[in-house]
Amino acid sequence: MEYISTRGKVEPLGFIDAILMGLANDGGLLVPKNIPQLSKETLQKWQNLSYSELALEIFSLYVNNEIPRDELKQLVDDSYATFRDEAVTPVKRLNDGTYVLELFHGPTFAFKDIALQFLGNLYAYVSRKTNSIIHILGATSGDTGASAIEGVRGKEGIRICILHPHQKVSQVQELQMTTVDDANVLNLSVEGTFDDCQRIIKELFADVEFKHRYHLRAINSINIARILAQTVYYFYAYFQLSKNNQAEKVNFSVPTGNFGDIFAGYLAQKMGLPIHKLILATNENNILERFVQEGVYQPGAFRGTYSPSMDIQVASNFERYLFYLYGEDAEAVTAIMEQFKAEGRVVIPADKLQVVQSDFAAYGVKNEECLDTISDYYEKYAYLLDPHTACGVAAADQIVADGEVTVALSTAHPAKFDESIRLRNIKQTYPTQIQALFDKPQFQTVVGGTNDEIKDQLVKFF
């Protein structure tokens, strides 16, 4: 297994080198050179595996023995031992046609824990094995930051700096990051939007000299390890339904802003998982919905919503999908991304749009519609959805045909977004770990949104 860049100007890499590179040195994103193909027999063999056992099998396909199997097993077991539910990502039935895949049972109550507990342990493993320094730099629209910090806080040989948009994440999300008082953690609250934070990260990683001098490593979903870890729960959920004879036509409805979570589903499908429909659920920042429906990828005006982790206009994983849409033609992808950088707009031809529409269905959920869905499902099923999960459920309600089964990815515990839920007069009890955050002091630095200001902070910290 080797990894190549979507822009074609990086020599093929092994797994560990790909993880350490993060963003490809040519500005592209790393993808597997060949996607493993799974037979029906293999899928049947995997059907009764535990979550950790399944993760081990899938990771083994991509690690290519660079990590001995017994050591890889230890990394996987350690990563998922921190989860509060034995199933790691349990599947819950809401009604005959709708299930939720609960991805929030990790340490920070968000789906990002599934990938970042593993990636944190992987970085620590690499640091020990190679006696190297690892400086992690990441941006967050809310959940990645806390999960990444939790994955590496206090670990020897690792420092982490997280950028989040100042006062544009939920209170609990902010507290989960900024109440951490570890010497190896720096929180920067950036004046601007998440897109500003993400742009700074990409530009700093594209400065190869700076990246190498300060040993910068990526924790965002530009890192291929994040995507690989997230494919596991698509397989796991499918297998849970197939055990109950519910797997005839299984859709996945995925709340997404950065295209990482749904790209993981797309990758699982390309590996051979028989997903019927991949439903791309967005909020009013609906650039991805417009792309699927019209073939136009163009950021609009930023809108603050009740689902702030999806308040994203420029999706960092979109380039990975373009690579496959254009038949793995790195030159075509490079030209498209250069055009996007120059003009702020991509328009694909009609034949490509047909392919996109066969790969995805899409629906953008309005703000009040999101809250209506929370209220409706709470009243009908006594199940409390967080606002991002509600977008996934609302999109499924609009798109799915009778007789189909849909798994909506539940990306966060509702306690993380109580500001939105309170608007419908729904009262919830915070988990003990979240309630305790409100009494802790915060540690963060507010900075302007320029590359130089961030660089200055990094140089002082690292």
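**Exercise 1. Strand S14 and its partners**

Task: How many bridges join strand S4 (residues 98-102) to S14, and in which sense do the two strands run?

Solution.
- Step 1. Strand S4 (residues 98-102) and S14 are joined by 5 bridges and run parallel. The model is a predicted one.
- Step 2. Find a facing pair. Tyr-99 stands opposite Val-407 in S14.
- Step 3. Turn to strand S9 (residues 250-255). S9 pairs with S14 over 4 bridges, also in the parallel sense. Here Val-250 stands opposite Val-405 in S14.
- Step 4. Recall the general rule. Strands of a sheet pair through backbone hydrogen bonds, either parallel or antiparallel.

**Exercise 2. The surroundings of S14**

Task: How many residues of strand S14 (residues 405-410) are buried?

Solution.
- Step 1. The cut-off for buried is a relative accessible area under 20%.
- Step 2. In S14, 6 of the 6 residues are buried, so the rest of the structure largely encloses this strand.
- Step 3. Check each face. One side of S14 carries Val-405, Val-407 and Leu-409, and the other carries Thr-406, Ala-408 and Ser-410. Both faces are covered.

**Exercise 3. A sheet of 5 strands**

Task: What is the strand order in the open sheet of 5 strands, and which strands lie at the edges?

Solution.
- Step 1. The order is S8-S5-S6-S7-S15, with parallel pairing.
- Step 2. Strand S8 (216-218) and strand S15 (445-447) are the edge strands, and each pairs on one side only.
- Step 3. Neighbouring strands of this sheet are turned against each other by 30° on average, direction ignored.
- Step 4. Look at one pairing. Strand S7 (residues 185-190) is joined to S15 by 3 bridges. Ser-189 stands opposite Val-446 in S15.
- Step 5. Add the helices. Helix H6 (residues 143-152) packs on the sheet and touches strand S5 (134-139), strand S6 (158-165) and S7. The direction of H6 makes about 170° with that of S6. Helix H8 (residues 194-206) lies across S5, S6, S7 and S8, at about 145° to S5.

**Exercise 4. Two helix pairs**

Task: At what angle do H8 and helix H20 (residues 451-461) cross? At what angle do helix H3 (residues 51-63) and helix H4 (residues 69-80) pack?

Solution.
- Step 1. Two packed helices are described by the angle between their axes and the distance between the axes.
- Step 2. The axes of H8 and H20 come within 10 Å and cross at roughly 70°. H8 is therefore roughly perpendicular to H20. Their crossing is right-handed.
- Step 3. Name the residues. Arg-199, Ile-200, Glu-203 and Leu-204 in H8 meet Asn-451, Ile-454, Lys-455 and Leu-458 in H20. By class, this contact has 4 nonpolar, 1 polar and 3 charged residues.
- Step 4. Now the other pair. H3 and H4 pack at about 135°, with their axes 9 Å apart. H3 is therefore oblique to H4. The crossing of H3 and H4 is right-handed.
- Step 5. Residues of H3 in this contact include Tyr-51, Leu-56 and Phe-59, and those of H4 include Arg-69, Leu-72 and Tyr-80. The contact of H3 with H4 has 8 nonpolar, 2 polar and 4 charged residues.

**Exercise 5. One residue**

Task: Is Ala-18 buried or exposed?

Solution.
- Step 1. Ala-18 is found in helix H1 (residues 15-21).
- Step 2. The relative accessible area of Ala-18 is 1%, so this residue is buried.
- Step 3. Leave aside its neighbours within four places in sequence. Ala-18 is then in contact with Tyr-3, Leu-13, Leu-30 and Ile-224.
- Step 4. Val-31 is 13 residues from Ala-18 along the chain, and their C-alpha atoms are separated by 8.9 Å.

Definitions and conventions:
Residues numbered from 1 in each chain as written. Predicted model: local features only at pLDDT ≥ 70, side-chain atom pairs only at ≥ 80, totals over all residues. Heavy atoms only, no water. Pairing = 2+ DSSP bridges. Axes fitted to C-alpha atoms, helices over the stretch in contact; angles between N-to-C directions. Contact = heavy atoms within 4.5 Å. Parallel < 35°, antiparallel > 145°, perpendicular 65-115°, else oblique. Left-handed = near helix turned anticlockwise from the far one by under 90°. Nonpolar A, V, L, I, M, F, W, Y, C, P; charged D, E, K, R; others polar. Buried < 20%, exposed > 50% of the residue type's maximum accessible area, 1.4 Å probe, protein only.
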